[in-house]
Structure formats: structure tokens, C-alpha cells
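Dear colleague,

I am handing over the structure below, and my notes on it follow. Please read them with the coordinates open beside you.

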Amino acid sequence: MPAVIAARGLVKRYGRVEALRNATFEVPEGVVAGLLGPNGSGKTTTIKILLGLLRRDGGEVEVLGLDPWAHEAEVRRRVGALHENPAYPLGERVRSLLSHLARVKGCRGDVDRVLRLTGLSEYAEARVRALSRGYLQRLGLAIALLCEPELLLLDEPTAHLDPGARLEILRLIRTLREELGATVLISSHIIPELQEVCDYAIFIQSGVVVDHGSMEELARRHGVSASYRVEARRPRLVASRLVAEEFVEAVEVLDDYVVVRVKGGAHAQAEALLSRLAAEGLVEGYELRTASLAELYARVVAG
Ligand SMILES: Nc1ncnc2c1ncn2[C@@H]1O[C@H](COP(=O)(O)OP(=O)(O)OP(=O)(O)O)[C@@H](O)[C@H]1O
Ligand SMILES: [Mg+2]
């Protein structure tokens, strides 16, 4: 798969602070990648360099095959971005702001479509100042999507939101990815909530990319796996069905449930199988017991 983003040995200094120290990673086409690290680890700096907003002090970077500093205009046109602390004109109405931005960016911009995709249609005529924080984030996403980007860079898209709104935004990102087929990079320091969204992760710590790869690669490399607690009326029968699967590592039968450990990255397969077993009436419910992204993060990014 071609890399949509390729960074090699990125260095960025702010005076004496070394925000990025030899950061190397790539993001393959079509994934939703998490850029994950604690506060101050260099996530926003990385995103700004990728957008051509900040000049790197060393290393190489390509975004859609272009050096973003040398080709800022083209990169900005082809890449949608949600910034860390966006400021929108408060007096503008949502629809007219989007139409205006499409003109400024020089793209056709299907305003109705992005309103619909981001769940903002009802607020099309509302003024920006009337939007709640969750809806402001939706507006940010709508702006990011406006010119049909090939790549979306979202800097902490769930920042400042309550748990309900965070979930809604993450669901929205999942839907968008399915509808748009764009590659997505999401930065966050809140790891477990990205479990469902990301299929690729870049772990950054003190300006160094400590590891990156698909969830499956990472899970294998670091030996993490997911385990499900499966409620079953006939646990032995369910266990025998599970154990036959290539992606199942271990099955343990307890009173009225089964604990099944699956290989890293096999969540989707496991859940598809568990849903089939549920449809057959064999499984009453299941629960993911180990969020492997959090487990991975704990292993890869030392406390
Ligand atoms: N304009 C600046 N001037 C000086 N230092 C800066 C500047 N911007 C960032 N830094 C420093 O660079 C480092 C990386 O900052 P950055 O904002 O990229 O981190 P981050 O991972 O996005 O953090 P957060 O999770 O808090 O958003 C930090 O030590 C920060 O204090
Ligand atoms: Mg940041």
C-alpha cells in the first residue's frame, strides 16, 4: 500500500525545546491512524508540519507525495484539517460560512452533503455562536471535509467534549471514513476511546516515534491480544466452535461463560463470529475485556 504520509527523521525545535527528535513513521493509504502520545509529546507539532504550517528543522516529510513546506497550497487544498484550537467567526451562519470557505479554498464544495454527513443540516441557518462545543467540533469536521480531501488530519477531535459528545464524534469519524474512503490521522492523548476507530497507530513520546504500525502488527509485535467474555448457555459447545478458528489463541470454559483470547487485530473477525453465534442462539452477549490499544499504549509508551 502506498504511504500517504512518510516522515523520516523529523526534527523540530522551539528555541531550546526539541519538540520532535528524529520522528520517523508512515501512514498507509486508507487507514484511520491514531497519533497517540501524552501531552506535550509533539502531536500538534507533527500535524502542523504535515500541513505545511510549520517548517521542520531537519528530516524529510512527504504528504500525498509532496513536501508540505514547499507545496503548502496544494497540500492545504487536498488535505482536510481540524485544528487543535480552531476559531470560527461567531456571527456567521453555518451554511454561509461553509459556502464562503469553499469559495476561498477554490473548491466546488457540496455544502449540503457535508452538513448531512456531519449531522449539521438542522443547524445550517444557526449562527456559529449558538453551537454547543460538540456541534462546533462537527462544524470543524464539516470544514475539514468541504473540499473532498484525500487525507484528513484531526488534532484532538474529541477535546473539550463530554463523554456523550466524544462518542458521537468518534462514531461520526467512523461513518465518515466509510463514506469518504479518505485516509485519516487522529491525534489524541485519550487512548481507550480510539480503540474502535483506529486500525493503525503511531505512538509518540517526547518527540520520538516509539513505534507505529497496523493494530495487528503492533499487537503481534508486543504480544498483546484481546479477550472476550462470552455469555453462553452451552459454554462447551461455544468453546468448541471458537477453538476451531485460526484467530483464536485460547479458550477457557467457566460456569456460564467462556473467555476467548484472540490474536491482536482480530477483533472484527472475532466479533463477526460471535454475532453469528448469537444469531444461532448460542451466545447471549459478549464483552471485550482487554482494550488492546490501551494495553499496547501502556507497553509501548513507558509510563
Ligand atoms: N510555539 C511554541 N513555542 C515553544 N514551545 C512550544 C511551542 N509549541 C509547542 N511547544 C512545545 O513543544 C512540545 C510539543 O508540543 P505539542 O503541542 O506538539 O504537543 P502535543 O503532543 O500536541 O501536546 P497536547 O497533547 O498537550 O496537545 C511541548 O514541549 C511544547 O511545550
Ligand atoms: Mg496538541
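I begin with the ligand, where a side-chain N or O atom of T44 lies 2.8 Å from an oxygen atom of ligand 1. Please keep in mind throughout that this is a predicted model, and that the distances and areas in this message are therefore computed from predicted coordinates.

Two further side chains approach ligand 1 in a comparable manner of description: E84 places a side-chain N or O atom 2.6 Å from an oxygen atom of ligand 1, and N39 has a polar side-chain atom 2.9 Å from an oxygen atom of the ligand. In the wider surroundings there are 13 residues around ligand 1, of which G40, K43, T44, T45 and E84 come nearest, so that T44 and E84 appear both in that nearest group and among the side chains with the distances just quoted.

Turning to the chain as a whole, it is divided into domain 1, covering 3–219, and domain 2, covering 224–300, and the centres of the two domains, taken over C-alpha atoms, are 33 Å apart. Where the domains meet, 15 residues of domain 1 are in contact with eleven residues of domain 2, and the two domains bury about 1,200 Å² between them, with 74% of that area on carbon and sulfur atoms. Of the area that domain 1 buries against domain 2, 45% is supplied by Q195, F203 and A219, which is more than any other three residues supply.

As for polar features of this interface, the rule finds zero salt bridges across it, and the count of residue pairs in polar contact between the two domains, with both residues at pLDDT 80 or more, is likewise zero. On the side of domain 1 that touches domain 2, at least two residues each come from β8 (200–205), β9 (208–214) and α7 (215–222), and α7 gives the largest share, with four residues. By residue class, that side of domain 1 divides into eleven nonpolar, two polar and two charged residues.

With best regards

Note on methods:
Residues are numbered from 1 along each chain as its sequence is written. Chains are lettered from A and ligands numbered from 1 in the order in which they are written. This is a predicted model: local features need pLDDT of at least 70, side-chain atom pairs count only at pLDDT 80 or more; totals for chains, interfaces and linings use all residues. Side-chain values use heavy atoms; hydrogens and water are left out. Domain bounds come from an automatic or database domain assignment. Contact means heavy atoms within 4.5 Å. Buried area is the accessible area (1.4 Å probe) that two parts lose on being put together, summed over both. A salt bridge is a side-chain nitrogen of Lys or Arg within 4 Å of a carboxyl oxygen of Asp or Glu. A polar contact is a pair of N or O atoms within 3.5 Å; within protein, one must be able to donate a hydrogen and the other to accept it, and residues adjacent in sequence count only if both atoms are side-chain atoms. Ala, Val, Leu, Ile, Met, Phe, Trp, Tyr, Cys and Pro count as nonpolar, Asp, Glu, Lys and Arg as charged, and the others, Gly among them, as polar. A residue is near a molecule or strand if one of its heavy atoms lies within 4 Å of it.
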